[in-house]
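Here's a quick walk through a protein model, with an eye on charged pairs, cysteines and one sheet. Have a look at the structure first, then read on.

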Amino acid sequence: MAGADPGARIGELLDRLGREAGPRARETADELVRSVVEFYGEGLARTVRLLRSAPAGSDPLAVLTADELVGDLLILHDLHPEDTMTRVGRALDKVRPYLGSHAGDVEVAGLDIEAAEGPVLRLRLRGSCDGCPSSTQTVRWTIEEAVARLAPEIAHIEVEGVTEAPAQQPLLQIQPRPPADAPGPPPPAAAPEPPHWHTLATPTLPARDHATRVADVEGNALLLVRLPGNLYAYRDRCPGCGADLRTAPLDGEFLRCAGCAARFDVRHAGRGDRAHLEPLPLLEEEGAVRVALPELLGAGP
């Protein structure tokens, strides 16, 4: 197609699709082309702005790769100066301080770039999530988000060394023989919905260490706790009595519920004597704080 006009060629393909697949397919294809053009247009606009405002003597590639959208375009066209494993390492470095409260540390166990579904990254956690299923899912979501932002070409992440939620065993019923219309085995539980990430405004954050604050995100009350070196996010609800925790006093690194006096270890996934707080994925990067709201957050009392 050397020397051909790409715009004319795209128009010809769209016309052919409309003739062969109908007007609805043509409309969908037109929308797809517009979205791709807008995506690349925004990338070009950002590139110009970044280079114009870059300090004198700065490395142009470093300036461009610091921008998430432009960096993604460079990765897409194999122009990014850092390879996949280097960027994965940077992503894990971002989440290690947070993971220390849940699972100890994380290391790369392998990268399979030949997998049928695309590159598969295998990670291994050292430590444990203290038997807390919500902490386990929080760790996975936090790692996946951090890696996706710096290494979007990774198609799937496998995490070893986390505590799984115990499987619920059905009650055993003994019968001489099953009835003809007996239902089959229950379908497997659906995978949890991916979380929705939100950026928290600075006024909603605790202003100092050893302080708490409650932020409302899409009608969900989140308890934010700032300890030296880290910020933590939990659902604003005591798992023991159901009371909110916004008035819970903070004693060092422990929250004490004002309703039932239960104590929870803020640094260690909200661990308590009989129950865990519900931790939420949180990432602090480049001055911004982002928190994820899983679908299950709004469920329950």
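A salt bridge here is a side-chain nitrogen of Lys or Arg within 4 Å of a carboxyl oxygen of Asp or Glu. Keep in mind that this is a predicted model. Searching the whole structure on that basis turns up 19 salt bridges. Three of them are set out below.

| Salt bridge | N to O distance | Relative accessible area |
|---|---|---|
| Arg122 and Glu158 | 3.2 Å | Arg122 28%, Glu158 33% |
| Glu278 and Arg235 | 3.6 Å | Glu278 16%, Arg235 11% |
| Glu253 and Arg267 | 2.8 Å | Glu253 29%, Arg267 16% |

Let's take them in turn. Arg122 pairs with Glu158. Arg122 sits in strand β2 (residues 120-126) and Glu158 in strand β3 (residues 156-160), so this salt bridge ties together parts 36 residues apart in sequence. Arg122 is partly exposed, and Glu158 is partly exposed too.

Next up is Glu278 with Arg235. Glu278 is in the loop between β11 (271-272) and β12 (282-285), while Arg235 belongs to strand β7, so the pair ties together parts that are 43 residues apart in sequence. Are these two residues buried or exposed? Glu278 counts as buried, and so does Arg235.

Then there's Glu253 with Arg267. Glu253 comes from the loop between β8 (250-251) and β9 (254-256), and Arg267 from the loop between β10 (263-265) and β11, 14 residues apart. Here Glu253 is partly exposed, whereas Arg267 is buried. Elsewhere, salt bridges with shared partners join Glu42, Arg46, Arg49 and Asp67 into one network.

Strand β7, the home of Arg235, also belongs to a sheet. This is an open sheet of three strands in the order β5-β6-β7, paired antiparallel. Its edge strands, β5 (211-217) and β7 (230-235), each pair on one side only. On average, neighbouring strands in this sheet are turned by 25 degrees against each other, ignoring direction. Between β5 and β6 (residues 220-227) there are seven bridges, and Val217 stands opposite Asn220 in β6.

Now for the cysteines: how many disulfides does the structure hold? Zero. A disulfide needs two cysteine sulfurs within 2.5 Å. For Cys241, the closest cysteine sulfur is in Cys257 at 3.6 Å, which is too far for a bond. Cys260 has its closest cysteine sulfur in Cys238, and at 3.7 Å that's too far as well. Cys241 is partly exposed at 39% relative accessibility, and Cys260 is partly exposed at 33%.

Key. Residues are numbered from 1 along each chain as its sequence is written. This is a predicted model: local features need pLDDT of at least 70, side-chain atom pairs count only at pLDDT 80 or more; totals for chains, interfaces and linings use all residues. Side-chain values use heavy atoms; hydrogens and water are left out. Buried means under 20% relative accessible area, exposed over 50%, partly exposed in between (1.4 Å probe, protein chains only). Two strands pair if DSSP finds at least two bridges between them. Helices (H or I, at least four residues) and strands (E, at least two) are DSSP runs, numbered from the N terminus. Axes are lines fitted to C-alpha atoms, for helices over the stretch in contact, and angles run from 0 to 180 degrees between N-to-C directions.
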